[in-house]
Amino acid sequence: MMLIIKDLHVSIGDKAILKGLNLSINPGEVHAIMGPNGSGKSTLANVLAGREDYQITQGSIEYQGLDLTRLSTDERALQGIFMSFQYPVEIPGVSNLYLLKSALNAQRKKQNLPEIDAMDFLNIVREVMKQLQIDETYLYRDVNTGFSGGEKKRNEILQLLLLKPSLCLLDETDSGLDIDALRIVADGINLIRDPKRSIIVITHYQRLLDHVVPDVVHILSAGKMVAEGDRSLVARLEAEGYEPFLEKKTAGAA
Amino acid sequence: MKTQNEALETLLAQDYEHGFVTEIESDTFEAGLNESVVRAISKKKNEPEFMLAWRLKAFEYWQSLKEPHWAHLHYPAIDYQALSYYSAPKTPGQGPKDLSEVDPKLIETYNKLGIPLKEQEWLAGVAVDAVFDSVSVATTFKAKLNEMGILFCSFSDAVQEHPELIQQYLGTVVPYTDNFFAALNAAVFSDGSFVYIPPGVRCPMELSTYFRINAKSTGQFERTLIIADKDAYVSYLEGCTAPQRDENQLHAAVVELVALDRAQIKYSTVQNWYPGDENGLGGIYNFVTKRGECRGPHSKISWTQVETGSAITWKYPSVILKGDHSVGEFYSVALTNHHQQADTGTKMVHLGEYSKSTVISKGISAGKAQNTYRGLVKIAASAKGARNYTQCDSLLMGTECGAHTFPYLESKNNTARVEHEASTSKISEDQLFYLAQRGIGTEDAVSMIVNGFCKAVMKTLPMEFAVEARKLLGLSLEGAIG
């Protein structure tokens, strides 16, 4: 298995956010996680990535046979977990090129490979940028600084394609994208679909899932998975809203 | 799991890497300061009468002064009688004539610091003058530069070989009456570097001085004088280190730059004196007066400093913009950690018409450090169309440090334009998390963010210095993120 989450309870301070969440993902699968605001979707992504402010009070997370909770954020990244941020942070004065190269070299160091040659790196990154229709000037701009919402999201996908992770966490990657940008980003995600790679797509909307077709769709509400199904569940959600699923939860049937 | 904050604290426990002491026999004066000490220094240096007279006047004036305390700095009173004012490695007979006569232990010291003095081993493009305690021990590439008419030697040699230039320029930018520490320096300075670039000559290599304090309980008082004659150009680098000692040591240097018509001087410093330990014990008291004068039209002086060392830094590299259309620049990174205190900035004094100045200051505070920017922009009535742009940014790491900004502005000409921008920011958990999520550990992430913050300044450093400075910023960061 790529990922096995059992009975996960997570709080921030005194506030419980995840309350007994279960999730299993096989290699090669794309799982969509949908749910109303405040249901814990982003918390799940952040916990998997290793954000410090979240305390795991109960449960387990197993990633490729490893106890994920014992690994630091950067170790998780080097083990192949990648999160595409909902709000990518600005880092003034640090060029995108430098960040990309540092990230790639950190990965190569972990694999006992020498640092990548500057020309080889440029060739690889240019190839990826072409796929995402990103202008080369991107490389020389400061990380996310002054980028539009869409540019930031595309920059996340650029890093994703470059780092080739095993488990991708896409946290509302579709928000802030216009139709054309959505298409390009979706194409980028489809490019990395692979039998050895798993993808978790966190989203509010159907539109990204029209392009990136999920194998399994989950509905998260109040810190628990309340429904699971195939892609047809997305259409049902669009038609009926979250309401019927939430009632199911309050009835205690989940 | 090791959290980012824990990793950061490990990073904090870095030792000062230049803290070793060289065991070498020295000729050191007994502690104490009086007129006979001043005379003895002058005699040691075999100085001409005008030098001694100047020193004595300076000493007399210094005695009438009180140590200044207007800076945002706190330190116990300095006992000027407890210091020794001269220390030199013992050499047989006169000073070394060339490198083969320099004590191998000294060469080894500089090798340890990464400053090879052997000319053939030195990467192309940098000539070095190395000052160990009170005296200059070696100047490389001297002969080669001489062929172009460039004079690059120790201050002592310059006094012997070019007394007319010394007499003409010494104290004309920083007179001994300038301030307490400048007066003290004038009285007791023992060596330093001297540079003269003749008219129309572009110095083909970076000139460099490396200052090293080694002896215990000595003060270091060096003096640097750089003259760029008409249409000349020179880029000068200065580096400093000292051994790790529990007591504080005093460093009071003076640097004078003179740029004549259309001449350009670029002066870069990486200051890494011993900063004291994490409890604030020991470290160098760095009271330095640096000033340049753009004497001719269209001349230009640029100061770039990366200040990571010293327990106390009191330093305001300044430019007097006398020439019309002259240009002054000040680019500074000052990083303070633990109990370090820095009060640093610049003065841009506009006298010439259409003179222009740029000030970019980046202050980084961590631990319990206090970091102050203090700057003066003065526009005289004569400075028609003068312009200044000042940008002061502070980066805080943790909750116990402080950043302070004191910009002063005096304008007596209403055609002048002055702009000032300031900001204060913190390294955010979000930035560290983002970089960690890309596989970049805390140590590298902090270094990346800090270097990004300083980019505008770092890019003004000559290449080989920039690499060193970048490493130094990473190494010097000790403190926690709040």
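What share of the contacts in chain B with a separation of 6 or more is accounted for by residues 24 or more positions apart? In this predicted model, such residues account for 84% of those contacts. Chain B has 482 residues, of which 63% are buried, and its secondary structure comprises twelve helices and 23 strands. The points below take up the nonpolar cores, the boundary between chain B and chain A, and then a series of charged residues, several of which are buried or join parts of chain B that are distant in sequence.

**Nonpolar cores**

- The largest nonpolar core contains 114 residues, and the residues with the most contacts inside it are Leu3(A) and Ile200(A).
- Leaving aside residues up to four places away in sequence, Ile200(A) touches Leu3(A) itself, together with Leu23(A), Ile25(A), His31(A), Ile33(A) and Leu48(A), as well as the run formed by Leu167(A), Cys168(A), Leu169(A) and Leu170(A).
- A second core, separate from the largest one, has 58 residues, including Phe155(B), Ala158(B), Phe221(B) and Leu225(B).
- As a general background to such groupings, nonpolar side chains tend to be buried together in soluble globular proteins.

**The interface between chain B and chain A**

- On the chain B side 22 residues are in contact with 36 residues of chain A, and the area buried between the two chains is about 2300 Å², with carbon and sulfur atoms giving 63% of that area.
- Twelve residue pairs are in polar contact between chain B and chain A, counting pairs in which both residues are at pLDDT 80 or more.
- Three elements of chain B give two or more residues to the side that touches chain A, namely α1 (4–12), α9 (429–437) and α10 (442–453); α9(B) gives the most, with eight residues.
- By residue class, the side of chain B that touches chain A divides into nine nonpolar, eight polar and five charged residues.
- Three salt bridges are counted between chain B and chain A; a salt bridge between the two chains joins the side chains of Asp142(A) and Lys455(B), with an N to O distance of 3.3 Å.
- A network of salt bridges also links Arg51(A), Asp53(A) and Asp430(B).

**Salt bridges within chain B**

- Over all chains, the structure holds 24 salt bridges.
- Asp178(B) and Arg291(B) form a salt bridge in which the closest N and O atoms are 2.9 Å apart; because Asp178(B) lies in the loop between α7 (163–169) and α8 (180–188) of chain B, while Arg291(B) lies in strand β13 (residues 283–294) of chain B, the pair ties together parts that are 113 residues apart in sequence.
- The two partners of this pair differ in exposure, since Asp178(B) has a relative accessible area of 29% and is therefore partly exposed, whereas Arg291(B), at 9% relative accessibility, counts as buried.
- The side chains of Lys315(B) and Glu307(B) meet in a salt bridge with an N to O distance of 2.2 Å; Lys315(B) is buried, with a relative accessible area of 2%, and Glu307(B) is likewise buried, with a relative accessible area of 3%.
- A further salt bridge joins the side chains of Arg374(B) and Asp343(B) at 2.7 Å, N to O, and this pair links distant parts of the chain, with Arg374(B) in strand β20 (residues 370–379) and Asp343(B) in strand β18 (residues 341–350) of chain B, 31 residues apart.
- Arg374(B) and Asp343(B) are both buried.

**Two further charged residues of chain B**

- Glu329(B) is placed in strand β17 (residues 327–336) of chain B, and it counts as buried because its relative accessibility of 14% falls under the 20% limit.
- With residues up to four places away in sequence left out, Glu329(B) touches Lys300(B), Ile301(B), Ser302(B) and Trp303(B), and also Val319(B), Met348(B) and Thr358(B).
- Lys57(B) is found in helix α3 (residues 49–63) of chain B, where a relative accessible area of 46% makes this residue partly exposed.
- Although Lys57(B) and Ala187(B) are 130 residues apart in sequence, they are 7.8 Å apart in space, C-alpha to C-alpha.

Methods:
Residues numbered from 1 in each chain as written. Chains lettered and ligands numbered in written order. Predicted model: local features only at pLDDT ≥ 70, side-chain atom pairs only at ≥ 80, totals over all residues. Heavy atoms only, no water. Core = buried A, V, L, I, M, F, W, Y, C linked by side-chain atoms within 4.5 Å. Buried < 20%, exposed > 50% of the residue type's maximum accessible area, 1.4 Å probe, protein only. Contact = heavy atoms within 4.5 Å. Buried area = accessible area lost by both parts, 1.4 Å probe. Salt bridge = Lys/Arg side-chain N within 4 Å of Asp/Glu carboxyl O. Polar contact = N/O pair within 3.5 Å; in protein donor to acceptor, adjacent residues only side chain to side chain. Helix = DSSP H or I, 4+ residues; strand = E, 2+ residues; numbered from the N terminus. Nonpolar A, V, L, I, M, F, W, Y, C, P; charged D, E, K, R; others polar.
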